Amino acid sequence: APEATLVAFARVAAKHPEARLTMAGDGVLRDGCMRLARHLGIAERCDFPGSVPHARVGEIMRASRAFVQHSLRPLSGDKEGMPVAIIEAGASGLPVVATRHAGIPEAVVHGQTGLLCDEMDVPAMAAHMERLLIDPEEAGCMGRAAREHVRARFDVRLRIAELERILRTALARHSGEGTS
């Protein structure tokens, strides 16, 4: 729900004139988000670059204090699983401010690698955004922890090595069962 992110950011921006928000991506919600930013009086502090190449996403992340994603369960009840953007943000060393939605709590450890709030809890999301804005040291510590967490939990090479270890152990047990 990018709209919830914008409303939360408006609360932060009212107290912190230096705050900026970049919402990369293109789609059906972009124009509405741009209109909402104008309506909230924060358009001049929001960037909407549209669809950007992956290399540019990395540049945006390196220039950011935190990554924010307010995911919601739609009325259909569908869940998005594990948002890849959250894993990429953590891998980039960014703390994540997000909702407790679908697989997000597996990728974001509240208070360690980022900050989580309930879906549609705009005041909590704003407070989390502000916390990382005013405390760059804490944001940096969480970002480093996020990088390590993503590396440990989501690095494909480590997962394959763990699977190989499990399979070797199971095979050794199985081959030992038939002997007397």
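Reader: In this predicted model, what makes residues of α7 such as Glu138 and Val150 count as buried?

Author: The cut-off is under 20% relative accessible area. Glu138, Ala139, Met142, Gly143, Ala146, His149 and Val150 of α7 are buried, so each falls under that value.

Reader: How do you know on which side of α7 they lie?

Author: They cover an arc of only 135° around the axis, so they sit on the same side of α7.

Reader: What do the buried residues of α7 pack against?

Author: Their partners are α4 (84–91), α5 (104–107), β5 and α6. Contact means heavy atoms within 4.5 Å.

Reader: How do you know what span to expect for α7?

Author: Helix α7 (residues 136–154) has 19 residues. The expected span is 1.5 Å times one less than the number of residues. That gives the 27 Å expected, and α7 reaches 26 Å from its first C-alpha to its last, close to that value.

Reader: Now the sheet. Why are β3 and β5 said to stand at the edges?

Author: The open sheet has the order β3-β4-β5, with parallel pairing. β3 (67–69) and β5 (114–117) each have a single partner strand, so one side of each is left without a neighbour in the sheet. Neighbouring strands are turned by 10° against each other on average, direction ignored.

Reader: What makes β3 and β4 a pair?

Author: Pairing takes at least two bridges. Three bridges join β3 to β4 (residues 96–99), so the two strands pair, and they run parallel. Phenylalanine 67 stands opposite valine 96 in β4.

Reader: Which helix lies across these strands?

Author: Helix α6 (residues 122–134) lies across β3, β4 and β5. It runs at about 170° to β5.

Technical notes. Residues numbered from 1 in each chain as written. Predicted model: local features only at pLDDT ≥ 70, side-chain atom pairs only at ≥ 80, totals over all residues. Heavy atoms only, no water. Helix = DSSP H or I, 4+ residues; strand = E, 2+ residues; numbered from the N terminus. Axes fitted to C-alpha atoms, helices over the stretch in contact; angles between N-to-C directions. Buried < 20%, exposed > 50% of the residue type's maximum accessible area, 1.4 Å probe, protein only. Arc of directions from axis to C-beta.
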